[in-house]
Amino acid sequence: MSISDAMIKNPPLPKNFAPEFLVIDKGEGIHLFDTAGNKYLDFGAGIAVNALGYGREDLIQAGYNQMKKLIHISNLYATAPQVEFAGKLISSGNFSAVHFGNSGSEANESAIKYARLYSLRTKGPHHHKILCFNNAFHGRTMGALSCTPTPKYQDPFGPLIPGIVTADFNDTKGLSDILDESFAAVIVEVIQGEGGLARMTNSFAGELNTLCKKHNIILIADEIQTGIARTGTLYASQGVGLNPDIITLAKPLAGGLPLSATLIPGKINDLLHVGEHGTTFGGGPVTTAVGLVVWKILTDPAFIKEVEKKGELLAKELTALSGRYSFLGAVKGKGLLAGIEVNVEDETFSKIIPSAMEKGLLVLRSGKNTIRIAPPLVITQDDLVNGCAILEQVFKEL
Ligand code: PLP
């Protein structure tokens, strides 16, 4: 399939997407190729999605076999891959059920709805508030957007949903002045994936655990970007001692197919009635059949250990880089969701991603001044070092 240059310059896509973009043709392993045949080392993985890289026969076969049998049937019926995958997901923690969806935003919408339902049925009306944090990113649908307190994302779309309160991330002391019984939920990322890669402190996690328990508040960990091995533990919550009631997952869940999951505990599941929440496409047989293959690989303790080791190497490389250039700042994130602060003017910062692209490396931005690295988890140590060397060339030319 080919598209004309005119169409690339003026694509029939909404103007909220950047006007100049790369047209990717295919992927192999941890590399991508554009339509002109240029090869790129992928430090972005489709925004932390393609954990297993590209062109995997095992995923292709699982999807193909399932498509031949049944592609879609809706949630009026169950399918074996859906039920089997839900079983695997609930056994990853203290959960009793999984609501499948199609995107990260949708997983968080479900989490917010379940928390409000739980609060209404256990504490009564007027206990519906939700606490979120500055620089958080929970998605772009109305509920998730309301918990994403960045003016650029929110301002054009008000009014947002009522009852949302915002606090500073990692302000452990301030939490007890804010949270009380009137809150239904706290929604939080362990690492702020889009907001500069700040990582939750253990003391903040501990205080959230304590206060949510004390006031019967549902603690929602948005692990859409951090979940399933990316940070060197199955869930990033485990790395900081956070004990969420609900975990939301999406990005790597089905190897690049759209699938999300909202993992809920028995205390919520026991209160639900048929028809109160639902989905047409969520948890279809194809996405969950592929998800089962992905899950088996990503949850292998030896695989997770490797990610942890690769994360340590990446942090070492970035720290060394930071020591060599005065405009580079803190090394952020954890595991293979890492980043480095680049303290330059906006105009200079905006040259980094295109310059890396020209040199054959795809990287991401996080927040105002952080370059984010979220490669496929199957990347080798050598390729992490190679990518950092390309990044150094970019910094040298800034
Ligand atoms: N939550 C987090 C932490 C995310 O990083 C994202 C997307 O980047 C979302 C939610 C929203 O996911 P989606 O874009 O699939 O709706």
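The paragraphs below look at the surroundings of the ligand and then at one helix, α9, in a model that is predicted.

We begin with the ligand, which has 13 residues around it, and of these G104, S105, D222, Q225 and K251 come nearest. Sorted by class, this shell holds 2 nonpolar, 7 polar and 4 charged residues, and helix α5, which runs over residues 104–123, supplies the largest share of it with 3 residues. Two of the nearest residues, G104 and S105, can be followed down to single atoms. In G104 a backbone N or O atom lies 2.8 Å from an oxygen atom of the ligand, whereas in S105 an N or O atom of the side chain is 2.5 Å from a ligand oxygen. The side chain of E194 also has an N or O atom at 3.5 Å from an oxygen atom of the ligand. Taken alone, the ligand would expose 390 Å², and the protein buries 81% of that area.

We now turn to helix α9, which covers residues 202–214. Its 13 residues should span 18 Å, because a helix is expected to extend 1.5 Å a residue, and the C-alpha atoms at its ends are indeed 18 Å apart, in agreement with that expectation. The buried residues of this helix are F204, A205, L208, N209, L211 and C212, and what they pack against is a set of strands and helices, namely the strands β5 (129–133), β7 (183–188) and β8 (218–222), together with the helices α8 (172–178) and α10 (236–240). After α9 comes N216, a residue whose phi is positive, near 55 degrees.

Methods:
Residues numbered from 1 in each chain as written. Predicted model: local features only at pLDDT ≥ 70, side-chain atom pairs only at ≥ 80, totals over all residues. Heavy atoms only, no water. Near = heavy atom within 4 Å. Polar contact = N/O pair within 3.5 Å; in protein donor to acceptor, adjacent residues only side chain to side chain. Areas by Shrake-Rupley, 256 points an atom, 1.4 Å probe, with all protein chains shown as cover. Helix = DSSP H or I, 4+ residues; strand = E, 2+ residues; numbered from the N terminus. Nonpolar A, V, L, I, M, F, W, Y, C, P; charged D, E, K, R; others polar. Expected span 1.5 Å × (residues − 1). Buried < 20%, exposed > 50% of the residue type's maximum accessible area, 1.4 Å probe, protein only. Contact = heavy atoms within 4.5 Å.
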